[in-house]
Amino acid sequence: MSDHSHAHDVDPVKDRARLLTVFAVTVVIMVAEVVGTVLSGSLALLADAGHMFTDASGLLIALIAASLALKPRTPERTWGYRRAEVLAAALQAGLLLVVGAFVLVEAVRRLVEPPEVGSAAMLWFGVIGLAGNAASLAILASSRHRSFNLRAAFLEVLNDALGSVAVIVAAAVIALTGWTRADAIVSLLIGVLIIPRTLRLLKDTTDVLLESTPKGLDLRAVREHILALPHVLDVHDLHASLVGSGTPVITGHVTLEDRCLTDGHSQDILADLQKCVAEHFDLAVEHSTFQLESAAHRDREHIHH
C-alpha cells in the first residue's frame, strides 16, 4: 500500500494575501456607497451597498478558510483543513443566491414604484465602486481557477462590478431621460447573471462534499487502463474524490497473479499503477493508494465497498 504525494500549485499564503487585499477594497467601496446613499438618496446605491456587505461577509469567510488551510496536518485531521475552503465556498454560494434573489425581488418592486434619486451623485459613486471592483478583479483574475475560495471570491467581486455598472447605466439614463425605471430593468439583468454562476459554484462544492468523482477523471477509463497492465487480474473498490482544490485522491484494490506477490514483482506493478493515474489522464491524481492482493484474498473478501 502506498500514498504517493507531491506539492501542488495551490499556495494558501498567496491566496490569503489576495483575499485580504480584495476584502479591504470591498469594505472601502461599501462604506463609500453608504455615504453616497446618504448624499443622493439613491436606493440603487443602498442596494449595491447591501450587495457589497454580503460579498464582504463572503470574503471574510474565505479569509478564515484560507487561514485554516495553513494549519498543519494532525493525526486527527490527516488532510489538515483543506476542505475548509470548500465549505466556505459553499456558504458563499448560498449568500450569493440570497443576493441574487434580493436583486430580482427589489427590481420588480422598483418597476412598480420607481424611486426618486440624485442621478449625479449616484453616477459618481457608481464609478468609484466600479474602479475598486476592477482593481479587485485584476488581483483575482489570474488565480481564480486554482481554488474554490478564489473562484468564489472572483464571483463575489464580479457581482459587485455588475452592480456598479448597473448603478452607472441607471444613473446615466435617469439623468438624460428622467426614466427612473431604468434602475429596475438593469437590476433584473444583474439577477439573471448572478444566479446561474452561483448555482454552478454550489453544484461543484456539493460534488466535493458528496465525494463525487472529480471532473476530468473517468473511472471507467481508469479501470480499463489498470486492467490493461501486465499481471493485473482485476480491480475493484475503486474510488476517487477531491479533498480540496488541487488535491484529487484515488484508492482501489488490485488483484495480481499470485507469483507477483512472492517474487517481489509487485513493487514494480505498484509503481506502474501510481504512474498510470498520475500521468495518463486529463486530471493527474498524485495521491493514490492501492491495495495489492491475490485472487485467493479477493475470494475471501466479505466486506464490500
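In which helix is the place of A17? A17 belongs to helix α1, which spans residues 12-40. The model is a predicted one, in which local features require a pLDDT of at least 70 and side-chain atom pairs are counted only at pLDDT 80 or more, whereas totals for chains, interfaces and linings take in all residues. Residues are numbered from 1 along each chain as its sequence is written, and side-chain values rest on heavy atoms, with hydrogens and water left out.

Nine helices and three strands make up the elements of the protein chain; helices (H or I, at least four residues) and strands (E, at least two) are DSSP runs numbered from the N terminus. Their order from the N terminus is α-α-α-α-α-α-α-β-β-α-β-α. The radius of gyration, taken over C-alpha atoms, is compared with a globule rule of 2.2 Å times the number of residues to the power 0.38. For a compact globule of 305 residues the expected value is near 19 Å, but the protein chain has 26 Å. Along the principal axes, the C-alpha atoms fill a box of roughly 85 × 35 × 30 Å.

Confidence is given as pLDDT, the predictor's score for each residue on a scale from 0 to 100. The average over the protein chain is 81, and 91% of the residues score at least 70. Among the elements, helix α7 has the highest mean, 93, and helix α9 (residues 295-300) the lowest, 71. Over residues 1-8 the pLDDT stays under 50, and the model has 24 contacts beyond four places in sequence for these residues. A contact is defined by heavy atoms within 4.5 Å. Of the contacts in the protein chain between residues at least 6 apart in sequence, 76% join residues at least 24 apart.

The accessible surface of the protein chain, obtained by the Shrake-Rupley method with a 1.4 Å probe and, for residues, with only the protein chains shown counting as cover, amounts to about 14,900 Å². Carbon and sulfur atoms account for 64% of this surface. Residues are classed as buried under 20% relative accessible area, exposed over 50%, and partly exposed in between (1.4 Å probe, protein chains only). By this scheme 45% of the 305 residues count as buried. The protein chain carries 24 positive and 33 negative side chains, with Lys and Arg taken as positive, Asp and Glu as negative, and His and the chain ends not counted. The centres of the two sets lie 4 Å apart, each charge being placed at NZ of Lys, CZ of Arg, CG of Asp or CD of Glu.

Several helical residues were examined individually. A17 is partly exposed, with a relative accessibility of 43%, and its C-alpha atom is separated by 9.3 Å from that of A66, 49 residues away along the chain. In helix α2 (residues 43-68) lies A47, which is buried at a relative accessible area of 12%. Apart from neighbours within four places in sequence, A47 is in contact with F102 and R110. The C-alpha atoms of A47 and V103 are 8.0 Å apart, with the two positions 56 residues apart in sequence numbering.

Helix α6 (residues 182-209) contains T198, and L202 is found in helix α6 as well. T198 is buried at 2% relative accessibility, whereas L202 is partly exposed at 26%. With residues up to four places away in sequence not counted, T198 touches A93, L96 and L97, and L202 touches A90, A93 and L97. L202 and A89 are 113 residues apart along the chain, and their C-alpha atoms are separated by 7.8 Å.

Backbone geometry was considered next. Most residues other than glycine have a negative phi. H231, which is not a glycine, has a positive phi of about 75 degrees. H231 is in the loop between α7 (219-227) and β1 (232-244) and is partly exposed, with a relative accessible area of 22%. D237 has a positive phi near 50 degrees; this residue lies in strand β1 and is buried, with a relative accessible area of 13%.

In the loop between α8 (266-279) and β3 (287-294) is A284, partly exposed at 33% relative accessibility. A284 touches P248, V277 and A278, residues up to four places away in sequence not being counted. A284 and G264 are 20 residues apart in sequence, and their C-alpha atoms are 27 Å apart in space.
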